[in-house]
Amino acid sequence: MKKNIDVCLSPELIGLYDLEGKIVVVVDILRATSVMVTAMAHGAKEIIPVATLDEAKSYLDQGFLCAAERGGAQVDGFPLDNSPFSYMNENIVGQPIVITTTNGTLAITKSTKADQVLVGAFINIQAVADYITKQNKDVIVHCAGWKGKTNMEDTLFAGALVELLSGTHDLACDTAHLSLNYYQSVKDNLFETVKNSAHAKRLNKLHVIKDIEFCVKQSTYDVVPILEGKKLIVAS
């Protein structure tokens, strides 16, 4: 019997969903979950996602390697930013990394009632789909959005994952249908579509077009970060 897949378009809506016994896939394409996947693919020991700057500062004071972003920009005083290219070096190998972002880490902390919380991005989407097909559980894609509102790129990821899981999961509600139809209508022109999104235009002011191009590439890595306690590790 097929399981169900549902889509939550914003952390403001996640309270409407029953998470117990399900897998939640948190996605923040531009750029938090893309960063997390990249960091783990390049040897980070674990990632500790925190929702607030105060929490991140407390870890920073203890000597942890920390990244902090608000409004797309790096927060002063923190050594790491929210670009995946900052996590492709030897400095992070074997290190725990604390990350706080405007949207993505909040979505993770709001998903903890689920049976499993995974971190998804276009760059690991096939690995996420493969992992889910082995679990025989209902799935909710939790889009981080932008400050409580829906965004284009996370919704497109949701549609792409719905398509990949169409053989094992039925669509639970109209949001999953909308996400799938949207993705299928633009998937052959994904970069150009996302480049015109509201958040991409915010990031363009920070001159990170290469980040956007990287973040919409599909299945670059085969790692699946999974939440264990308060830490993300690589799923086995």
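# A walk from salt bridges to a buried strand

Select aspartate 115 and lysine 137 to begin: the two form a salt bridge, with their closest N and O atoms 3.0 Å apart. Aspartate 115 sits in the loop between α3 (104-109) and β7 (116-120), and lysine 137 in the loop between α4 (125-133) and β8 (139-143), so this pair ties together parts that are 22 residues apart in sequence. Aspartate 115 is partly exposed, at a relative accessible area of 43%. Keep in mind while you click around that this is a predicted model.

**More salt bridges**

How many salt bridges does the structure hold? The count is 7, and two others are on this tour.

Next, pick glutamate 163 and lysine 187. They form a salt bridge, again with a listed distance of 3.0 Å between the closest N and O atoms. This pair links distant parts of the chain, 24 residues apart: glutamate 163 is in helix α5 (residues 152-164), while lysine 187 is in the loop between α6 (174-186) and α7 (190-195). Glutamate 163 counts as partly exposed at 22% relative accessibility, and lysine 187 is partly exposed too, at 33%.

Now slide along to helix α7 and show lysine 195 and glutamate 192. Their side chains meet in a salt bridge, 3.2 Å from N to O. Both residues lie in α7, 3 residues apart, which is about one turn of the helix. As for accessibility, lysine 195 is partly exposed at 25%, and glutamate 192 is partly exposed at 34%.

**Cysteines without partners**

Colour the cysteines next. A search of the whole structure finds 0 disulfides. Why does cysteine 173 have no bond to cysteine 8? Put a distance label on the two sulfurs: cysteine 8 holds the closest cysteine sulfur to that of cysteine 173, but at 9.5 Å it is too far for a bond. Cysteine 173 is partly exposed, at 24% relative accessibility.

Then try cysteine 215. Its closest cysteine sulfur is in cysteine 143, 15 Å away, which is also too far for a bond. Cysteine 215 is buried, with a relative accessible area of 0%.

**Arginine 31 and its surroundings**

Stay on cysteine 215 and bring up one of its contacts, arginine 31. You'll find arginine 31 in the loop between β2 (23-27) and α1 (32-41). Is arginine 31 buried or exposed? It is buried, with a relative accessible area of 4%. Its side chain makes a polar contact with the side chain of aspartate 211, at 2.8 Å. Leaving aside residues up to four places away in sequence, arginine 31 touches Gly72, Asn82, Ser83, Pro84, Leu203, Val208, Asp211 and Cys215.

**Last stop: strand β8**

Finish by selecting β8. Of its 5 residues, 5 are buried, so the strand is largely enclosed by the rest of the structure. In a regular strand, side chains alternate between the two faces of the sheet. Rotate the view to check both faces of β8: Val139, Val141 and Cys143 are buried on one side, and Ile140 and His142 are buried on the other.

Which strands run parallel to β8? Add strand β1 (residues 3-8), which runs parallel to β8 and is joined to it by 4 bridges. Look for aspartate 6 here, standing opposite isoleucine 140 in β8. Then add β2, also parallel to β8, with 5 bridges joining the two. On this pairing, valine 26 stands opposite histidine 142 in β8.

Terms used. Residues numbered from 1 in each chain as written. Predicted model: local features only at pLDDT ≥ 70, side-chain atom pairs only at ≥ 80, totals over all residues. Heavy atoms only, no water. Salt bridge = Lys/Arg side-chain N within 4 Å of Asp/Glu carboxyl O. Buried < 20%, exposed > 50% of the residue type's maximum accessible area, 1.4 Å probe, protein only. Disulfide = S-S within 2.5 Å. Polar contact = N/O pair within 3.5 Å; in protein donor to acceptor, adjacent residues only side chain to side chain. Contact = heavy atoms within 4.5 Å. Pairing = 2+ DSSP bridges.
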